[in-house]
Amino acid sequence: MMPAAAATAAIAAPAAAAAPSAAPQAGGGQRSRQRAWEAECIARIEADFSRSADTHLIPMALPGYPGIDVYFKDESSHPTGSLKHRLARSLFLYALSNGWLREGAPVIEASSGSTAVSEAYFARLLGLPFVAVVPSSTSPEKIAAIEFHGGCCHFVDRACDLHAASVLLARESGGHFMDQFVYAERATDWRANNNIAESIFRQMQLEPHPVPEWIVCSPGTGGTSATLGRYVRYRRHSTRILCADPETSVFFDYYQGVQQGCPDADLALAEGSRIEGIGRPQVERSFVAHCVDAMVKVPDALSLAAMRHVSRVLGRRVGGSTGTNFVGLLCAAQRMAAEGRQGSIVSILCDSGERYARSYYDAAWYERNRIDIAEADRQLARFLDGAPVASVLRQASASA
């Protein structure tokens, strides 16, 4: 574990750099220079956005479910390789617009990896030092990607310690803790501005069923499910949002409590999720339960079997969270089939499997984690043939 003092030294900011929580800068000259710097930074981010094309919407065959069309929104094609590129851009614009960033002062983020990769990219774009506070179990490929984009890593052994370590680093370095788990749901413009929801519906316009019956995602911060849920309501679509939560996470239990009228915001686990990028050991403020129509809790072994299946069908490796999404998608398809409904389902391909070459695509990792690959693959095959996937999932739906 990298000591806080070492991480602070690695990102030492100029003495004049003020922490975001410090008193407002005195003097019109200083304020004018700060506003000019903020304007320049926002212009750089907007120019970077203009250079980027939208991500692809990929159809995927689901032979056992005729009349149900399935699509994956491929977020791995962003410049930093994951869905979190959108979030990082929004978080930086939000922080700049709030006056929280200072020239030369470091940016700190608590992340399981992908958000940190994307934030390192934007920090370097703005010339700011960046430190990612990550679990010690984070894949080596993600750590290398953070460092490639100019960031450095501070490791913690327990996922539940990420927030406290980030607060400490920000205070000691005079930097800003971005805090994706608080600000993800509010930093994104959910009404328009090419958010992921608007992009999905625009790309679906010429498909046989342009308004999806379901959109399936998995909660990490909760920002994506909030954006999707708000957008479909705002645009008056009938689309429902299903969240697939991994095995080690509190989101499902919190959601179930909300639906039963007894939410417990203090739910906590000591360990983090084995499916990197999704699931949390504590309830995060960015997870808005009322934006979600249904949730399922997916065993890790089944998520990873689904990951391998999607990789074979698409001809390229995808990450574990995409597997979790696919199980949720299969659950939605089975529900539609049981109701005699046809239509479309859209889910998210969150990131590339190349980031997990030494974990999810390494047989030794499965042995260390005591996951029976063969049995999980057989189980998924039965579900693809029509056996009810709900038999191994916990499920909850919003009240009518």
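**A chat about the sheets, helices and loops**

Me: In what order do the four strands of the open sheet sit, and is the pairing parallel or antiparallel?
Reply: In this predicted model, the four strands form an open sheet in the order β5-β4-β3-β6, and the pairing is parallel.

Me: Which strands stand at the edges, then?
Reply: The edges are taken by β5 (152-156) and β6 (176-177), each of which has a single partner strand, so one side of each is left without a neighbour in the sheet.

Me: And how many bridges join β3 to β4?
Reply: Strand β3 (residues 107-110) and strand β4 (residues 130-135) run parallel and are joined by four bridges; as for the register, V107 stands opposite F130 in β4.

Me: What does helix α4 touch in that sheet?
Reply: Helix α4 (residues 114-126) packs on the sheet and touches β3 and β4, with its direction making about 175° with that of β4.

Me: Where does α5 lie?
Reply: Helix α5 (residues 140-148) lies across β4 and β5, and it runs at about 145° to β5.

Me: OK, so at what angle do α4 and α5 pack?
Reply: The angle between α4 and α5 is about 10°, and their axes are 8 Å apart. Because angles under 35 degrees count as roughly parallel, the two helices α4 and α5 are therefore described as roughly parallel to each other.

Me: Which residues make the contact?
Reply: On the α4 side the contact is made by S114, A116, V117, A120 and R124, while α5 contributes K142, A145, I146 and F148.

Me: Switching to β2: is it mostly buried or exposed?
Reply: Six of the seven residues of strand β2 (residues 68-74) are buried, so this strand is largely enclosed by the rest of the structure.

Me: What does β2 pair with, on the β1 side and on the β10 side?
Reply: Strand β1 (residues 57-60) pairs with β2 in the antiparallel sense over four bridges, and P59 stands opposite Y71 in β2. Strand β10 (residues 343-349), by contrast, runs parallel to β2 and is joined to it by seven bridges, with I68 standing opposite G343 in β10.

Me: Different topic, backbone angles. What is phi for R236, and where is the residue placed?
Reply: R236 has a positive phi of about 60° although it is not a glycine, and its place is in the loop between α9 (223-234) and β8 (240-246).

Me: Buried or exposed, that R236?
Reply: R236 counts as exposed, because its relative accessibility is 73% and the cut-off for exposed is over 50%.

Me: And what about phi of R370?
Reply: R370 also has a positive phi, near 55°, in a residue other than glycine. R370 is found in the loop between α13 (363-368) and α14 (373-384), and it is exposed, with a relative accessible area of 80%.

Me: Zooming out, how many helices and strands are there?
Reply: The secondary structure of the protein chain comes to 14 helices and 11 strands.

Me: What does the radius of gyration say about the overall fold?
Reply: The protein chain has a radius of gyration of 21 Å, which agrees with the value near 21 Å that a compact globule of 400 residues would have. Along its principal axes the C-alpha trace spans about 70 × 45 × 45 Å.

Me: How much of the chain is buried, and what area does it expose?
Reply: Of the 400 residues, 57% count as buried, and the protein chain exposes about 16000 Å², of which carbon and sulfur atoms supply 52%.

Technical notes: Residues numbered from 1 in each chain as written. Predicted model: local features only at pLDDT ≥ 70, side-chain atom pairs only at ≥ 80, totals over all residues. Heavy atoms only, no water. Pairing = 2+ DSSP bridges. Contact = heavy atoms within 4.5 Å. Axes fitted to C-alpha atoms, helices over the stretch in contact; angles between N-to-C directions. Rg over C-alpha atoms; globule rule 2.2 N^0.38 Å. Buried < 20%, exposed > 50% of the residue type's maximum accessible area, 1.4 Å probe, protein only. Areas by Shrake-Rupley, 256 points an atom, 1.4 Å probe, with all protein chains shown as cover. Parallel < 35°, antiparallel > 145°, perpendicular 65-115°, else oblique.
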